[in-house]
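Let's walk through this structure together, beginning where protein and DNA meet and then moving on to the sheets. Please keep the viewer open as you read.

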Number of protein chains: 2
Amino acid sequence: MSEKRRIGLKDIARELGISISTASRALNAYPGIADETIKLVKEYAEKHNYVPNTMAVNFRKNKTMTLGIVVPELIHYFFSSVISGAIQTAKKHGYSVFVSQTDEKVANEIVACRTLLSSGIDGLLISISNETIEGKHIQEFLEEGKPVVQFDKVSDYLETPKVIVDDFQGAFNAVEHLLKKGYKKIAHIGGWADVKNSVERKRGYMEALRTNGFEIHGDFLLECTDISEQEGYEFTKKLMESHNPPDAIFCITDLVAIGAIKYLKEKNFQIPEQVGVMGFSNWQLAGMVSPGLSSVDQHAYEMGVKSTEILINILRGKALCTDQTHIVKTELIIRESTSVKSHKDQEPIN
Amino acid sequence: MSEKRRIGLKDIARELGISISTASRALNAYPGIADETIKLVKEYAEKHNYVPNTMAVNFRKNKTMTLGIVVPELIHYFFSSVISGAIQTAKKHGYSVFVSQTDEKVANEIVACRTLLSSGIDGLLISISNETIEGKHIQEFLEEGKPVVQFDKVSDYLETPKVIVDDFQGAFNAVEHLLKKGYKKIAHIGGWADVKNSVERKRGYMEALRTNGFEIHGDFLLECTDISEQEGYEFTKKLMESHNPPDAIFCITDLVAIGAIKYLKEKNFQIPEQVGVMGFSNWQLAGMVSPGLSSVDQHAYEMGVKSTEILINILRGKALCTDQTHIVKTELIIRESTSVKSHKDQEPIN
DNA sequence: TTGAAAGCGGTACCAC
DNA sequence: GTGGTACCGCTTTCAA
């Protein structure tokens, strides 16, 4: 670590016999500087590889060209994709990004936000934890004039732009697909009743049934508490052992669906012939398990890009920090787990 | 966005009729300040929720309490786990972390490093891209006196601490396990010949065979170019269709192993009875596919923790930035894909 | 077209 | 124990 000292504006000015301000202006392409001076300064700077001291600039301009992103869990295909999109987009516009995770705990979220705020980020991207309700800690950013964009899991208490996936439509399409494939007794292994995404998916499920003239069967509505493979397995067991087993299962998440498949395979139910299985999220693994799991892709990367673009537009004064909601379309990915009669034409329902 | 103005040291000093320096010292628990003054200042600060301006502090102290982490791919179970460990550890010590990804391209890596360097991070954690050889751009950090810790994919051209997984031992154990299970014709679908991790795994494979008195069969050594599921499938096909098919396949990665399994299942080979399959990395999905995939866990999270601790120790002057290598142990995870005769005792080999 | 100088908000040295 | 003050490196107003 040989500590090579960096040169500063002062050095350039001294060596070139000009003033610091002139040097500064020359480098920043300010108007009203002789072309020759500019050339001179730029060349000298280049030659001695002058790098402006970012901390000084930040301090002076009171902005850092950094964004913060807070997610419940980093080790998650969905969130790491969103983050990836956010980082890529931020980079494109000259921003760096701090990443924090909350493990779905508000307490952690509060600490993360406070740290981010005091570290002087220019704007925040956040997907709130399951525990978060009002988000006073997020409000603090707005109070300091720092824009916030919420994505995926959002709080309606906060007046910020929101970028969400159309859970309702995604679920609706998924279930309608099952109906078109001829499944008539579709169960739903859902999530918490107080998490918006879960509620919307359930609503989509119900609406698809209703629209297509099917009744909603109470025994077909299950609720996960920890949304695990284990629960998928257990609930599927419960469903299949009941006196009226379903012929298809729409799961809140691919993970749950994997559990469902595991049970079904163990008991030698044919997928998709006897039972169809539909996931949600389209994780990488959905294409790797067998049978391939049909799922609803949430376009996570796009979501990261979109959210970041909105945030940067606000920072650039090109947009306002209103509470507009942007919806990212979902995409139904059909794989073997629902591809019964896949070589025939689909028959119309009703 | 109602722009609430923050108070500063100046305001505190004025209101309390003391000097700015006293206020500063009181808040930072400097020695030689009357307890009463401290109390007074702290109370006032608390009440008017004074938050020191981080940019000013950074500027003055010439450090930012931020670290940078550069990885080839963020959307990767392994790397997101490392990052998670790094972020957690950094947080514990008061550091925030910037995350960058390179998509395995040196060009991107150079940009990422330059950005990170100019953004004033205190230290760097990096796993180099496959294309990186010398890493002059990383050297620049060292030249500026900023410590660097390399992890997983490291360059020996750089004199920094390195935290790596014991690929050799991991592979050795994996292959020895296969041998103990009675497999006698073990193939290896490996990676690039010029990437250290691949080389080490191959070396482990060969050494395990040799140690146990088996010969290395040239036709059993395959090399992936893009390390995909597809390649796993293709190479397995090639192996199984040859005149001398293997009875077990040790794959460079779980992804490749999934491809192998896909082929084997398609052709109705019994796993693990006819063919055993071993992966490497122990991705989440290894436990979800069926049959469950035996694999070598790399303790990614631990790696992130360890690397970050080393970096922070250097920053705190508790350690030097020498080029010591730290090895994270691997762990063999046995699942169904190699559990032939799982209810019998293993028979000794040789 | 250029230069001088006033800060940005703290920290830390030096004097009392 | 406390106050005064010189910076940190750069941007930006004002004057020339």
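A phosphate oxygen of DNA strand D sits 2.9 Å from a polar backbone atom of B:A34, which makes a good first stop. A polar contact here is a pair of N or O atoms within 3.5 Å; within protein, one must be able to donate a hydrogen and the other to accept it, and residues adjacent in sequence count only if both atoms are side-chain atoms. Before going further, note that this is a predicted model, in which local features need pLDDT of at least 70 and side-chain atom pairs count only at pLDDT 80 or more, while totals for chains, interfaces and linings use all residues. Residues are numbered from 1 along each chain as its sequence is written, chains are lettered from A and ligands numbered from 1 in the order in which they are written, and side-chain values use heavy atoms, with hydrogens and water left out.

Let's stay with DNA strand D. There are 27 residues around this strand, and those that come nearest are A:L9, A:Y30, A:R60, B:T22 and B:R25. (A residue is near a molecule or strand if one of its heavy atoms lies within 4 Å of it.) Sugar and phosphate make up 52% of the atoms of DNA strand D that come within 4 Å of the protein. Chain A also reaches phosphate oxygens of DNA strand D through its backbone: a polar backbone atom of A:L9 is 2.9 Å from one, and a polar backbone atom of A:N53 is 3.4 Å from one.

Which helices each supply at least two residues of the surface near DNA strand D? They are helix 2 (20-27) and helix 4 (54-61) of chain A, together with helix 2 (20-27) and helix 4 (54-61) of chain B. Helices (H or I, at least four residues) and strands (E, at least two) are DSSP runs, numbered from the N terminus. By class, this surface holds 12 nonpolar, 11 polar and 4 charged residues. For these classes, Ala, Val, Leu, Ile, Met, Phe, Trp, Tyr, Cys and Pro count as nonpolar, Asp, Glu, Lys and Arg as charged, and the others, Gly among them, as polar.

Now turn to DNA strand C, which is surrounded by 27 residues, the closest being A:T22, A:R25, A:R60, B:Y30 and B:R60. Of its atoms within 4 Å of the protein, 54% belong to sugar or phosphate and the rest to bases. Two arginines reach bases here: a polar side-chain atom of A:R60 lies 2.7 Å from a base nitrogen of DNA strand C, and an N or O atom in the side chain of B:R25 is 3.2 Å from a base nitrogen of DNA strand C. The backbone takes part too, with an N or O atom of B:L9 at 3.1 Å from a phosphate oxygen of this strand. The surface near DNA strand C counts 11 nonpolar, 11 polar and 5 charged residues.

What does the record say about this part of chain A? An unreviewed UniProt entry annotates residues 7-61 of chain A as "domain: HTH lacI-type". Over residues 7-61, chain A is 67% helix and 0% strand, with the end C-alpha atoms 21 Å apart.

Next come the sheets. In chain B, an open sheet of 4 strands runs in the order 7-6-8-9 with parallel pairing. Strand 7 (221-223) and strand 9 (276-278) of chain B each have a single partner strand, so one side of each is left without a neighbour in the sheet. Strand 6 (residues 186-190) and strand 7 of chain B pair in the parallel sense over 3 bridges; two strands pair if DSSP finds at least two bridges between them. Within chain B, B:I189 stands opposite B:L222 in strand 7.

Chain A has an open sheet of 4 strands in the order 7-6-8-9, again with parallel pairing. Strand 6 (residues 186-190) and strand 8 (residues 248-251) of chain A pair in the parallel sense over 4 bridges, and A:I189 stands opposite A:C251 in strand 8 of chain A.

Finally, look at two cis peptide bonds. One runs from A:S290 to A:P291, with omega near 0°, and A:P291 is in the loop between strand 9 (276-278) and strand 10 (295-297) of chain A. Another runs from B:I271 to B:P272, with omega near 5°.

Technical notes: UniProt positions renumbered as here; feature names shortened; annotations may be inferred.
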